[in-house]
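Welcome, and thank you for taking a look at this protein with me. Let us walk through it together, one region at a time.

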Amino acid sequence: KYRRNQRKASEIWTRPRVRQAPITLGIIVFCSLVAAFSQFGRPTSPITQAFTFNKLEPTEGEPEHKFYDHGLDGIKQGEIWRLWTPMFLHLGTWHLILNMLALFQLGLLIEARKGALWMLGFMLAVGVLSNAAQYAFPDWFNLQTLLGEREKQENVLHRSSHHFANTD
């Protein structure tokens, strides 16, 4: 009876193995490839164009950072992959590294305990919800707005334009 009730600590405190999380590892590899081939979300990249939630087209005669937003036209026309693909875009090295570290830590635990199919469903559900929220409420998810950077930049631009207007 004593031996039957006894348990080894290594059985209780085991950490999931990497091979138990194929979905998590697949997403990490895929995100890394998307980042590399899209040049970390460069707007003119065909991958970035295909992976954004809303269709963007470069505006004629404007610098490459100006784009015409087609809204949800792409999704309405059957491009339903746009509901999920923005979660694979990363706009910088640190953005990619930190997100993939978090995904590795959490995804490994979740997938090992719940299974690959559950993890895939969870990622798809969270992807649609977060991408739709970011589209619907862009200022809520804009770090510059949250930190007040936009107002600081506008004040600097306003002061400098006012200064140039008064020097005539």
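Is T48 buried or exposed? Before you decide, keep in mind that this is a predicted model. T48 has a relative accessibility of 6%, so it counts as buried, the cut-off being under 20%. You will find T48 in helix α4, which covers residues 46–51. Setting aside neighbours within four places in sequence, T48 is in contact with S38, G41, R42, P43 and L89. With R42 there is a further detail to look for: a polar atom of the T48 side chain lies 3.0 Å from the backbone oxygen of R42.

Now step back and take in the whole chain. The protein has nine helices and two strands. Reading from the N terminus, the order of elements is α-α-α-α-β-β-α-α-α-α-α. Of the 168 residues, 24% count as buried. Sequence distance is worth a thought here too: among contacts between residues at least 6 apart in sequence, 58% join residues at least 24 apart.

Next, let us look inside. The largest nonpolar core contains 13 residues, and those with the most contacts within it are I27, C31, F88, M100 and L103. Two or more residues of this core come from each of α3 (22–37), α6 and α7 (116–136). Helix α3 gives the most, with five residues. To trace some of these contacts yourself, start at I27, which touches F88, L103 and M123 when residues up to four places away in sequence are not counted.

From the core we can turn to charge. Side chains of opposite charge can pair when their charged atoms come close. The structure holds one salt bridge, and the side chains that meet in it are those of E79 and R82, at 2.7 Å from N to O. Where do these two partners sit, buried or exposed? E79 has a relative accessible area of 15% and is therefore buried. R82 is at 5% relative accessibility, so it counts as buried as well.

Finally, come out to the surface. The protein exposes about 12,400 Å², and carbon and sulfur atoms supply 63% of that area. One place to visit is a nonpolar surface patch formed by W94, I97, L98 and L101, which together have about 450 Å² of accessible area. Among them, L101 lies in helix α6, which spans residues 93–114. L101 has a relative accessible area of 49%, so it counts as partly exposed. Helix α6 is also one of the elements that give two or more residues to the core we visited earlier.

Key:
Residues numbered from 1 in each chain as written. Predicted model: local features only at pLDDT ≥ 70, side-chain atom pairs only at ≥ 80, totals over all residues. Heavy atoms only, no water. Patch = residues over 30% accessible without salt bridge, like charges linked within 9 Å, V, L, I, M, F, W, Y side chains within 5 Å. Areas by Shrake-Rupley, 256 points an atom, 1.4 Å probe, with all protein chains shown as cover. Salt bridge = Lys/Arg side-chain N within 4 Å of Asp/Glu carboxyl O. Helix = DSSP H or I, 4+ residues; strand = E, 2+ residues; numbered from the N terminus. Buried < 20%, exposed > 50% of the residue type's maximum accessible area, 1.4 Å probe, protein only. Core = buried A, V, L, I, M, F, W, Y, C linked by side-chain atoms within 4.5 Å. Contact = heavy atoms within 4.5 Å. Polar contact = N/O pair within 3.5 Å; in protein donor to acceptor, adjacent residues only side chain to side chain.
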